[in-house]
Amino acid sequence: MLVLTTLAGMAAVAGDTGAERQMRQRHITLSAEAPATPHVVHVAVGMATVLLFDSPVLPASLELGASRERFERIDLTERALILLPRMELTPQERIPLTLRFADGHIPNRVTFALMAHPGEVDLQVRVFRTALAPEALVEHLGAVQARCEDSGRFSNLLFSRDLGDGIVAEGLRYRIRGAAGPLMVHRAGMRAFIAPGLLAFELPLFLMEGHAPWRPGRVEVHVEQTGEAVPVRSKDLDVQALQPGAMGRLVLEFRARPSFTSESLRIDLHEQGGPRVLELQGVRLMRPSSGEGP
């Protein structure tokens, strides 16, 4: 399948032969069903044709079925190809040009047939591939979703000190369980941030001297009374790793729970790739939240 869109408002120019040519801008959408089908591109002597790709190509993969001496310019980057013929093609000529895409997804290559046309020349051709490449679509969608989720994290607001209106900060009760006390000490009280649709905990952490750096890994949160697991939406540390003798702030964001103000939670913070666990018991609001809970 080949989809061509010729933009309105094409201009007329005179070629070396004196005939008028229409300068076109076009779109090509590649198909995974027929990846070897050549797509015609009209070129003309003395006029640059630019092909723009929405997926990176491999410059070293360029295969041209004619001598490069026939072109004044062949400039190729990961996203663009510029062709400037040095001499006019004959009406019967079809010069094949093949490129491979860098990620290997299907269609993994594209083939063009460079031809002359007495009435038109393609000045710009945009080549779209993801519309009919399922593997590339899935990968692109995952990247977009990750960026959207990251941009919406509460920690981004808290770490930038741009909280805005409508967010209530309240203290939390907690107690450290087991042998984790000497490892990490809270230098300031934990806080809960509450707003409609938002529930987040801020845990100021201090790593004692003599200990190896610590990074948060798996986080487990349970309701102490029932053992019910509480899903954690995100976890973020404001430093790359907690260093000995240094402070850090860990933010845990949850999906809002109407019963939170009456629940007592247990939080287990596991070390990334290590055995250490910071265990907190009895985590709950120090006083009832004003107004309705989240």
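Strands here are DSSP runs of at least two residues, numbered from the N terminus. The model is a predicted one. With that in hand, Leu205 can be placed in strand β14, which covers residues 198-206. Its relative accessible area is 0%, so Leu205 counts as buried. Gly189 sits 16 residues away from Leu205 along the chain, and the C-alpha atoms of the two are separated by 9.9 Å.

Strand β8 comes next. It spans residues 80-85, and five of its six residues are buried, so the rest of the structure largely encloses this strand. What does β8 pair with? One of its partners is β5, which runs antiparallel to β8 and is joined to it by four bridges. Within this pairing, Thr49 stands opposite Leu83 of β8. Strand β7, made up of residues 71-76, also runs antiparallel to β8, and here five bridges do the joining. Asp75 has Ile82 in β8 as its bridge partner. Getting from β7 to β8 takes a hairpin of three residues.

Asp75 turns up again among the salt bridges, where its side chain meets that of Arg73 with an N to O distance of 2.4 Å. How open are these two residues to the outside? Arg73 has a relative accessible area of 37%, which makes it partly exposed. Asp75 comes in at 33%, so it is partly exposed too.

Going back to β5, its residue Phe53 brings in the aromatic side chains. The structure holds two aromatic pairs. In one of them, the ring centres of Phe53 and Phe112 lie 6.4 Å apart and the planes meet at 55°, so this pair is tilted. The cut-offs make the label easy to follow: planes under 30 degrees apart would count as stacked and planes over 60 as edge-to-face, so whatever falls in the rest is called tilted. Phe53 belongs to strand β5 (residues 49-53) and Phe112 to strand β10 (residues 109-115), so their pairing ties together parts that are 59 residues apart in sequence. Both of these phenylalanines, Phe53 and Phe112, are buried.

Now for the wider set of charged contacts: the structure has 12 salt bridges. One of them links Glu253 with Arg233, whose closest N and O atoms are 3.2 Å apart. Glu253 is in strand β17 (residues 247-254), while Arg233 is in strand β16 (residues 232-237), so this contact ties together parts that are 20 residues apart in sequence. Are the two ends of this bridge buried or exposed? Glu253 is buried, at a relative accessible area of 4%, whereas Arg233 is partly exposed, at 47%.

Another salt bridge brings Asp238 and Arg249 together, with 3.4 Å between the closest N and O atoms. Asp238 lies in the loop between β16 and β17, and Arg249 lies in β17 itself, so the pair ties together parts that are 11 residues apart in sequence. Asp238 counts as partly exposed because its relative accessibility is 32%. Some salt bridges also share partners: Arg24, Arg26, Glu120 and Asp122 are joined into one network in this way.

Key:
Residues are numbered from 1 along each chain as its sequence is written. This is a predicted model: local features need pLDDT of at least 70, side-chain atom pairs count only at pLDDT 80 or more; totals for chains, interfaces and linings use all residues. Side-chain values use heavy atoms; hydrogens and water are left out. Rings of Phe, Tyr and Trp (its six-membered ring) pair if their centres lie within 6.5 Å; planes under 30 degrees apart count as stacked, over 60 as edge-to-face and the rest as tilted. Buried means under 20% relative accessible area, exposed over 50%, partly exposed in between (1.4 Å probe, protein chains only). A salt bridge is a side-chain nitrogen of Lys or Arg within 4 Å of a carboxyl oxygen of Asp or Glu. Two strands pair if DSSP finds at least two bridges between them.
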